[in-house]
Amino acid sequence: MGVWDEFCAVCGGPSVFYSYDRIAEKARDLELKIDDKALQALARNGVWTRSWVGLAADGSEAPLGAYTGYGSFDATDDKGEFYLSTNVTPKDIRKGARYGVGAHVACVNVLRKSLGYSLRFADVTMRKYNLVEGVDYSDIAKYHDQDFDCLTMIEDGVEWMLNDPTTDERNRKRIVDKWQARANGAAEKKPAATEPVAKGPAVKKAVAKKPAAKKAVAKKAVAKKAVAKKAVAKKAVAKKPVRR
């Protein structure tokens, strides 16, 4: 299995950004006709993307070094690798490895300064490739590949998304717009397939009331008057004479 790129959880940008020589060589290999000045500007303006910070599951922050190519970064504090959450294994955790969410230092600072929001691993649900559930990366996700496709960005005229957002207003606004709702405490939107349809207040239909059952009124027992029975006159039965 080869190496692959992970992406900044905040802006969706690359974890690896090469020098001008590497970028120009790749353009030649792909036979892309890209102006050399544009390649030089891309290499110069994208340097900031190499500075990363790891926001660990335990709430700590770790300055990160080079990306390993396998879903983790070398740490600069001599505490071993920092694993991105979607690639850490139970074995790594048992060994005490740090893991969490990774982002460009500049992007984390934009969230804090512009929105007063601090990205924390405990507050987000992670998807593959270090992306956060509920954040819209559609503007830059089309350039996500095994290797981040910065050359096509030049062809499409959107390489400004790789400018430092602490100094480039256009890219700063792009990032702020992605995170504004979350910073304001808005509920994260669920996928449409599982999102309940909002229902208006239920209107109760008027139910025809049944006539109330009349309570049986307990009747007082009527004392029956003793009726004097007339003596029934017994008829005298004529006895037949007995023959002797």
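Here are legends for several close-up views of one predicted model. Local features are kept only at pLDDT of at least 70 and side-chain atom pairs only at pLDDT 80 or more, while totals for chains, interfaces and linings use all residues. Residues are numbered from 1 along each chain as its sequence is written, and side-chain values use heavy atoms, with hydrogens and water left out.

**View 1. The whole fold, for orientation.** The protein has seven helices and five strands, where helices (H or I, at least four residues) and strands (E, at least two) are DSSP runs numbered from the N terminus. Read from the N terminus, the elements go α-α-β-β-β-β-α-β-α-α-α-α. Out of 244 residues, 36% are buried; buried means under 20% relative accessible area, exposed means over 50%, and partly exposed is in between, with a 1.4 Å probe and protein chains only. Take the contacts (heavy atoms within 4.5 Å) between residues at least 6 apart in sequence: 62% of them join residues at least 24 apart.

**View 2. The largest nonpolar core, around valine 10.** This core has 56 residues, and Val10, Leu119 and Trp179 touch the most other members. A nonpolar core here is a set of buried Ala, Val, Leu, Ile, Met, Phe, Trp, Tyr and Cys residues joined through side-chain atoms within 4.5 Å. Helix 4 (residues 105-115) provides the largest share of the core, six residues. Skipping residues up to four places away in sequence, valine 10 touches Ala103, Cys107, Leu111, Leu119, Tyr137, Ile175, Lys178 and Trp179. As a general backdrop, nonpolar side chains tend to be buried together in soluble globular proteins.

**View 3. Helix 4 and its packing partners.** Ala106, Cys107, Val108, Val110, Leu111 and Leu115 are the buried residues of helix 4. They pack against strand 1 (52-56), strand 5 (98-104) and helix 7 (169-183). An α-helix has 3.6 residues a turn, so residues three or four places apart point the same way. Just after helix 4 comes glycine 116, with a positive phi of about 65 degrees.

**View 4. Lysine 178, a buried lysine in helix 7.** Lysine 178 sits in helix 7 and counts as buried, at a relative accessible area of 15%. Leaving out neighbours within four places in sequence, lysine 178 contacts Val10, Cys11, Val135, Asp136, Tyr137 and Asp139. Val10 also turns up in View 2, where Lys178 is among the residues it touches.

**View 5. Alanine 56 in strand 1.** Alanine 56 belongs to strand 1 and is buried, with 6% relative accessible area. Its C-alpha atom is 8.4 Å from that of glycine 102, although the two residues are 46 apart along the chain. Beyond neighbours within four places in sequence, alanine 56 is in contact with Phe82, Tyr99, Gly100 and Phe121.

**View 6. Serine 72 and its partner glutamate 81.** Serine 72 lies in strand 3 (residues 72-75) and is buried, with just 2% relative accessible area. Its side chain makes a polar contact with the side chain of glutamate 81 at 2.5 Å. Such a contact is a pair of N or O atoms within 3.5 Å; within protein, one must be able to donate a hydrogen and the other to accept it, and residues adjacent in sequence count only if both atoms are side-chain atoms. Not counting neighbours within four places in sequence, serine 72 touches Tyr67, Glu81, Phe82, Tyr83 and Leu84.

**View 7. Two non-glycine residues with positive phi.** Aspartate 78 has a phi of about 60 degrees, positive although it is not a glycine. Aspartate 78 is in the loop between strand 3 and strand 4 (82-84) and is exposed, at 78% relative accessibility. Asparagine 130, also not a glycine, has a positive phi of about 70 degrees. Asparagine 130 is in the loop between helix 4 and helix 5 (138-141), and is buried, at 1% relative accessible area.

**View 8. The largest cavity.** The count comes to one cavity of 30 Å³ or more, and the largest cavity holds about 130 Å³ of space. On a 1 Å grid over the protein atoms alone, a cavity is a set of points where a 1.4 Å probe fits but cannot get out, and lining residues have an atom within 4 Å of a point. Grid points are joined across faces, edges and corners, and the volume is the space filled by probe spheres set on the points. Among the lining residues are Asp5, Pro14, Tyr18, Arg22, Lys26, Asp147 and Leu151. Helix 1 (20-29) and helix 6 (150-156) each supply at least two lining residues, with helix 1 giving the most, three.

Methods
On a 1 Å grid over the protein atoms alone, a cavity is a set of points where a 1.4 Å probe fits but cannot get out, and a pocket is an open set with protein on both sides within 12 Å along at least five of seven lines; lining residues have an atom within 4 Å of a point.
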